[in-house]
Amino acid sequence: MIASRLSGFGISIFTEMSALAVETGAINLGQGFPDEDGPAAVLEAAQAAMRTGHNQYAPLPGVPTLRAAIAEHQKRFYGLEVEDVQVTMGATEAITAAILGLCEPDDEVLAFDPTYDSYGAAAKMTGARLVPVPLHPPDWRFDSNELRAAITPKTRAILVNSPHNPTGRVLTRAELEAIAAVVQEHDLIAITDEVYEHLVFDGLEHIPLATLPGMAGRTLTISSLGKTFSVTGWKVGWATGPASLVAGVRAAKQFMTFAGATPFQFAGAAALRMDDAWYAAFALELQTKRDHLCAGLREAGLAVSELQGTYFANADVGQDATEFARELPHRAGVVAIPTAVFSTRKGELGHYLRFAFCKRPAVIDRAARQLAALES
Ligand SMILES: Cc1ncc(COP(=O)(O)O)c(C=O)c1O
């Protein structure tokens, strides 16, 4: 019964692997959500908003204090002066609304592959086509020639996710410059997914594409609260950028959800205004979890790709990763996801498994010990 636009997306491997985790009692490092609440002050801000009468529809663009906090955040961390801000139901709605609101049926949208799974569905709902540009393992870099070769007269936009799920790559300035050059040469729109913007390690820097010369006027920047503040269930996101691009998001969002949950928008303003030290400490905590999990994977004899950000590590398991993933809960009491589920290149990525390390330190350490003891 499912319309052809949405058939073929089916039940994902996440459902199968989560069921396997429950059945075997294994530690579920499949899905990328934290097992701890966000900062107490942020949770309290949501409750305070409910107690003080902020329980009705928010305005279409979002509550003014959150919109102001988002603009301040872009200025504080990146020096960006944003022209317009649209609050959305998570980054997911912002991405879908951006494609629906800015692309025509038959347009082509480039995205680095492997790709967060909502992008393809958003393109399909629009009647547009997602065109993959490969990130090659083990270091998950793209080849500028392949990026250029993917451009056709139908190319309308490029979706750029950095820090990148599922690979953990943080694009360098040189890579972003290569993307910016292509966008400007071919008069494209850039849509960025920066939901992991604060989860960057080893003193590296997240560079929004919009900060590159000539890009502010053609980049729609998308992010959300979920990952930075461990509140993935709140689904508060936003799109910022030139009024002409934000207008596309707003036009589609108006008839999708109109507004998101008002109390969480108020709490979002409090979250974004946390001080710099809080942001830095959170990234450092996550970096330690990365180090512990990756040490366990390496002790197990697996080749782990270098990763600079996000919640995710990828390991080459040296055999079919789907089979390996099905055995892993029994062999090591850990669940992970084959990286190839995010890709059109099932062969090239067929040996990679993605592990999420956004769990409590004790859980990560137990998973690392169990993996380290894995018998080959
Ligand atoms: C790359 C990427 N974009 C977007 C999202 C979803 O963001 P939100 O929960 O704000 O819709 C995720 C969540 O896993 C993600 O990994």
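Contact here means heavy atoms within 4.5 Å of each other. The model is predicted.

**Glu93 and helix α4**

Glu93 sits in helix α4. Leaving aside neighbours within four places in sequence, Glu93 is in contact with Thr88, Lys253, Met256 and Thr257. The side chains of Glu93 and Thr257 also make a polar contact of 2.4 Å. Is Glu93 buried or exposed? Its relative accessibility is 6%, so Glu93 counts as buried, the cut-off being under 20%.

Helix α4 covers residues 90-102. It gives the most to the shell around the ligand, with three residues.

**The ligand site**

Which residues surround the ligand? They are Gly90, Ala91, Thr92, Tyr116, Asn161, Asn165, Asp193, Val195, Tyr196, Ser224, Lys227 and Lys235. Polar atoms of three of these residues are listed below with their distances to ligand oxygen.

| Residue | Polar atom in | Distance to a ligand oxygen atom |
|---|---|---|
| Ala91 | backbone | 2.8 Å |
| Thr92 | side chain | 2.6 Å |
| Asn165 | side chain | 2.7 Å |

Taken alone, the ligand exposes 400 Å². The protein buries 92% of that area.

**Helix α8**

Helix α8 runs over residues 243-256 and has 14 residues. At 1.5 Å a residue, the expected span is 20 Å. The end C-alpha atoms are 20 Å apart, so the expectation and the model agree.

Which residues of α8 are buried? They are Leu245, Val246, Gly248, Val249, Arg250, Ala252 and Lys253. Arg250 and Lys253 are thus among the buried residues of the helix. Lys253 is also one of the contacts of Glu93. The buried residues of α8 pack against two helices, α3 (64-78) and α4. They also pack against the strands β2 (84-89), β6 (189-193), β7 (219-224) and β8 (236-241). Just after α8, Phe258 takes a positive phi of about 60°.

**Helix α1**

Helix α1 spans residues 13-24, with 12 residues. Its expected span at 1.5 Å a residue is 16 Å. The end C-alpha atoms lie 16 Å apart, which agrees.

The buried residues in α1 are Ile13, Phe14, Met17, Leu20 and Ala21. Seen down the helix axis, the buried residues of α1 fall within an arc of 130°, so they line one face. An α-helix has 3.6 residues a turn, so residues three or four places apart point the same way. On the other side of α1, Val22 and Glu23 are exposed.

What covers the buried residues of α1? The cover includes helix α11 (321-332). It also includes the strands β1 (27-28), β11 (334-335), β12 (337-338) and β13 (352-356). Just after α1, Gly25 takes a positive phi of about 70°.

**Thr167 in its loop**

Thr167 lies in the loop between β5 (155-161) and α7 (173-185). Thr167 has a relative accessible area of 1%, so this loop residue is buried. Its side chain joins that of His164 in a polar contact of 2.8 Å. A polar atom of the Thr167 side chain also lies 3.2 Å from the backbone nitrogen of Arg169.

Which residues does Thr167 contact beyond its neighbours within four places in sequence? They are Pro114, Leu135, Trp140, Leu307 and Asn314.

Technical notes. Residues numbered from 1 in each chain as written. Predicted model: local features only at pLDDT ≥ 70, side-chain atom pairs only at ≥ 80, totals over all residues. Heavy atoms only, no water. Helix = DSSP H or I, 4+ residues; strand = E, 2+ residues; numbered from the N terminus. Buried < 20%, exposed > 50% of the residue type's maximum accessible area, 1.4 Å probe, protein only. Polar contact = N/O pair within 3.5 Å; in protein donor to acceptor, adjacent residues only side chain to side chain. Expected span 1.5 Å × (residues − 1). Arc of directions from axis to C-beta. Near = heavy atom within 4 Å. Areas by Shrake-Rupley, 256 points an atom, 1.4 Å probe, with all protein chains shown as cover.
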